[in-house]
Amino acid sequence: MPDVPAVATPRECTIADALEIVGDRWSLLVVRELFYDQLRFSQIARNTGAPRDVLTVRLRKLVEHGVIAREQYSARPVRYEYRLTAAGRALSPVLLTLKKWGSDHARTGPDPAPLLHTCGEEFVAHVHCRACGQRLAAGALTLDVPRAGDI
């Protein structure tokens, strides 16, 4: 009898875990808008272009996963603002490196929404090693997981 191939098991990965929560266009654009201090549903809808029903679902999911918090600002009519939690604010480097990638690889021409640092200069994100401080270069990383035969 021929060997039956084993069913492929997806690699366990924290990237995949994160994508389960924020891995779609609308979720990351919601987080972007909250970084830009656009806290109300109408502002988020206008600036992302997300359909209202889709935006409602994404906001609910981000609240459920602790990325954002919903706070009532009006009783009549009942209205809410959304604010980043500590987990949501921790997405800042993700958004900033996506912004840089978009500028480098997805858009030609000047950045339509440059960010200025408190020093007055345009801020551009770069990834550095936490231990030695070197900027990430091609080929500088290796995957450090045990293989099946090593266990």
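**Salt bridges, a hairpin and a pocket in a predicted model**

D24 forms a salt bridge with R58, and the closest N and O atoms of the two side chains are 2.9 Å apart. This contact links distant parts of the chain: D24 sits in the loop between α1 (14-22) and α2, while R58 belongs to helix α4 (residues 52-64), 34 residues apart. The structure described here is a predicted model, and the contact between D24 and R58 is a convenient place to begin a tour of it. In total, the count comes to seven salt bridges.

Another of these contacts involves neighbours in the sequence. E33 forms a salt bridge with R32, with 2.8 Å between the closest N and O atoms. The two partners can be told apart by their exposure. E33 has a relative accessible area of 4%, so E33 is buried. R32, in contrast, has a relative accessible area of 24% and is therefore partly exposed. R32 will appear again below, in the description of the largest pocket.

A further salt bridge brings a loop and a strand together. The side chains of R40 and E81 meet at 3.0 Å, N to O. Here too the pair links distant parts of the chain, with R40 in the loop between α2 and α3 (41-48) and E81 in strand β2, 41 residues apart. R40 counts as partly exposed because its relative accessibility is 31%, whereas E81, at 11%, counts as buried. The contact does not stand alone: R40, E71, E81 and R83 are linked in a network of salt bridges.

The network leads to the strands. Strand β1 (residues 68-75) and strand β2 (residues 78-84) pair in the antiparallel sense, over seven bridges. Within this pairing, E71 has E81 in β2 as its bridge partner, and both of these glutamates are members of the salt-bridge network just described. R70 stands opposite Y82 in β2. The connection from β1 to β2 is a hairpin through two residues. P77 lies in this loop between β1 and β2, and a cis peptide bond joins R76 and P77, with omega at about -10°.

The loop between α2 and α3 deserves a second look, as it holds D37 as well as R40. D37 has a positive phi of about 65°, although D37 is not a glycine. With a relative accessibility of 54%, D37 counts as exposed. For comparison within this loop, R40 is partly exposed at 31%.

Attention now turns to the empty space in the model. Rolling a probe the size of a water molecule over the atoms shows where empty space is left. The largest pocket has a volume of about 740 Å³. Of the 20 residues that line this pocket, L29, R32, L95, L98 and K99 are the closest to its centre. Two helices deserve mention in the lining, as α2 (25-35) and α6 each supply at least two residues. Helix α6 gives the largest share of the lining, nine residues. R32, one of the residues closest to the centre of the pocket, is also the partner of E33 in the salt bridge described above.

Helix α6 also includes S103. S103 has a relative accessible area of 33%, and so is partly exposed. S103 and P114 are eleven residues apart in sequence, and their C-alpha atoms are 10.0 Å apart in space.

The last feature lies on the surface. V127, L136 and L141 form a nonpolar patch there, and together they have about 290 Å² of accessible area. V127 is found in the segment after α6 (92-106). Its relative accessibility is 44%, so V127 counts as partly exposed.

Technical notes: Residues are numbered from 1 along each chain as its sequence is written. This is a predicted model: local features need pLDDT of at least 70, side-chain atom pairs count only at pLDDT 80 or more; totals for chains, interfaces and linings use all residues. Side-chain values use heavy atoms; hydrogens and water are left out. Patches are made of residues with over 30% relative accessible area and no salt bridge: like charges are joined within 9 Å, nonpolar side chains (Val, Leu, Ile, Met, Phe, Trp, Tyr) within 5 Å. Accessible areas come from the Shrake-Rupley method with a 1.4 Å probe; for residues, only the protein chains shown count as cover. A salt bridge is a side-chain nitrogen of Lys or Arg within 4 Å of a carboxyl oxygen of Asp or Glu. Helices (H or I, at least four residues) and strands (E, at least two) are DSSP runs, numbered from the N terminus. Buried means under 20% relative accessible area, exposed over 50%, partly exposed in between (1.4 Å probe, protein chains only). Two strands pair if DSSP finds at least two bridges between them. On a 1 Å grid over the protein atoms alone, a cavity is a set of points where a 1.4 Å probe fits but cannot get out, and a pocket is an open set with protein on both sides within 12 Å along at least five of seven lines; lining residues have an atom within 4 Å of a point. Grid points are joined across faces, edges and corners, and a volume is the space filled by probe spheres set on the points.
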